Amino acid sequence: MSTQQSTADVTAAGLSQVDQNINNTDEDRSHEARGHKANLSNPNTSDASKEKSAQRLQELGEDTAFYRKQGKGE
């Protein structure tokens, strides 16, 4: 922990809030959404898994979760 970082800034596993949100970018959410969308169309996954993916995809914002559909990327 740096000398400028107070213990109030440290959260789970000793990571700062900034460090915990490092994978919380639009591109990362898009990758997560793509994985869940692939799970929904995979015939080898269980119905329970598909339900969880559908729920998480909805939480991510469904089609708006995809990076290119936000007008970003390529």
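## A residue of the core

Leaving aside neighbours within four places in sequence, A33 is in contact with L57, L60, A65 and F66. These residues and A33 itself form the largest nonpolar core, which has five residues. The model described here is predicted.

## The chain as a whole

The chain has three helices and zero strands. Read from the N terminus, the order of its elements is α-α-α. Of the 74 residues in the chain, 15% are buried.

Among contacts with a sequence separation of 6 or more, 42% are between residues 24 or more positions apart. The accessible surface of the chain is about 5,700 Å². Carbon and sulfur atoms account for 47% of that surface.

## Helix 2 against helix 3

Helix 2 covers residues 26–41 and helix 3 covers residues 47–60. The two pack at an angle of about 145°, and their axes are 9 Å apart. The crossing of helix 2 with helix 3 is left-handed.

On the side of helix 2, the contact is made by R29, E32, A33, H36, K37, N39 and L40. Helix 3 contributes S49, K50, S53, A54, R56, L57 and L60. By type, the residues of this contact divide into five nonpolar, four polar and five charged. Three residues of the core also take part in the contact: A33 from helix 2, and L57 and L60 from helix 3.

## S53 and R56 in helix 3

S53 is found in helix 3. Its relative accessible area is 4%, so S53 counts as buried, the cut-off being under 20%. Not counting residues up to four places away in sequence, S53 touches H36, N39 and L40. H36, N39 and L40 are among the residues that helix 2 brings to its contact with helix 3.

R56 also lies in helix 3. With a relative accessible area of 29%, R56 is partly exposed. Outside its neighbours within four places in sequence, R56 is in contact with E32 and H36. The C-alpha atoms of R56 and E32 are 9.2 Å apart in space, while the two residues are 24 residues apart in sequence. H36 is thus listed as a partner of S53 and as a partner of R56.

## L40 and D26 in helix 2

L40 is found in helix 2. It is partly exposed, with a relative accessible area of 32%. L40 touches K50, S53, A54 and L57, residues up to four places away in sequence not being counted. K50, S53, A54 and L57 are among the residues of helix 3 that make the contact with helix 2. L40 and A54 are 14 residues apart in sequence, and from C-alpha to C-alpha they are 7.1 Å apart in space. One of the partners of L40 is L57, a residue of the largest nonpolar core.

D26 lies in helix 2 as well, at the start of the range 26–41. Its relative accessibility is 23%, and D26 counts as partly exposed. D26 and Y67 are 41 residues apart in sequence. In space the distance between D26 and Y67 is 6.3 Å, C-alpha to C-alpha.

Note on methods:
Residues are numbered from 1 along each chain as its sequence is written. This is a predicted model: local features need pLDDT of at least 70, side-chain atom pairs count only at pLDDT 80 or more; totals for chains, interfaces and linings use all residues. Side-chain values use heavy atoms; hydrogens and water are left out. A nonpolar core is a set of buried Ala, Val, Leu, Ile, Met, Phe, Trp, Tyr and Cys residues joined through side-chain atoms within 4.5 Å. Buried means under 20% relative accessible area, exposed over 50%, partly exposed in between (1.4 Å probe, protein chains only). Contact means heavy atoms within 4.5 Å. Axes are lines fitted to C-alpha atoms, for helices over the stretch in contact, and angles run from 0 to 180 degrees between N-to-C directions. Helices (H or I, at least four residues) and strands (E, at least two) are DSSP runs, numbered from the N terminus. A crossing is left-handed if the near helix is turned anticlockwise from the far one by less than a right angle, and right-handed if clockwise. Ala, Val, Leu, Ile, Met, Phe, Trp, Tyr, Cys and Pro count as nonpolar, Asp, Glu, Lys and Arg as charged, and the others, Gly among them, as polar. Accessible areas come from the Shrake-Rupley method with a 1.4 Å probe; for residues, only the protein chains shown count as cover.
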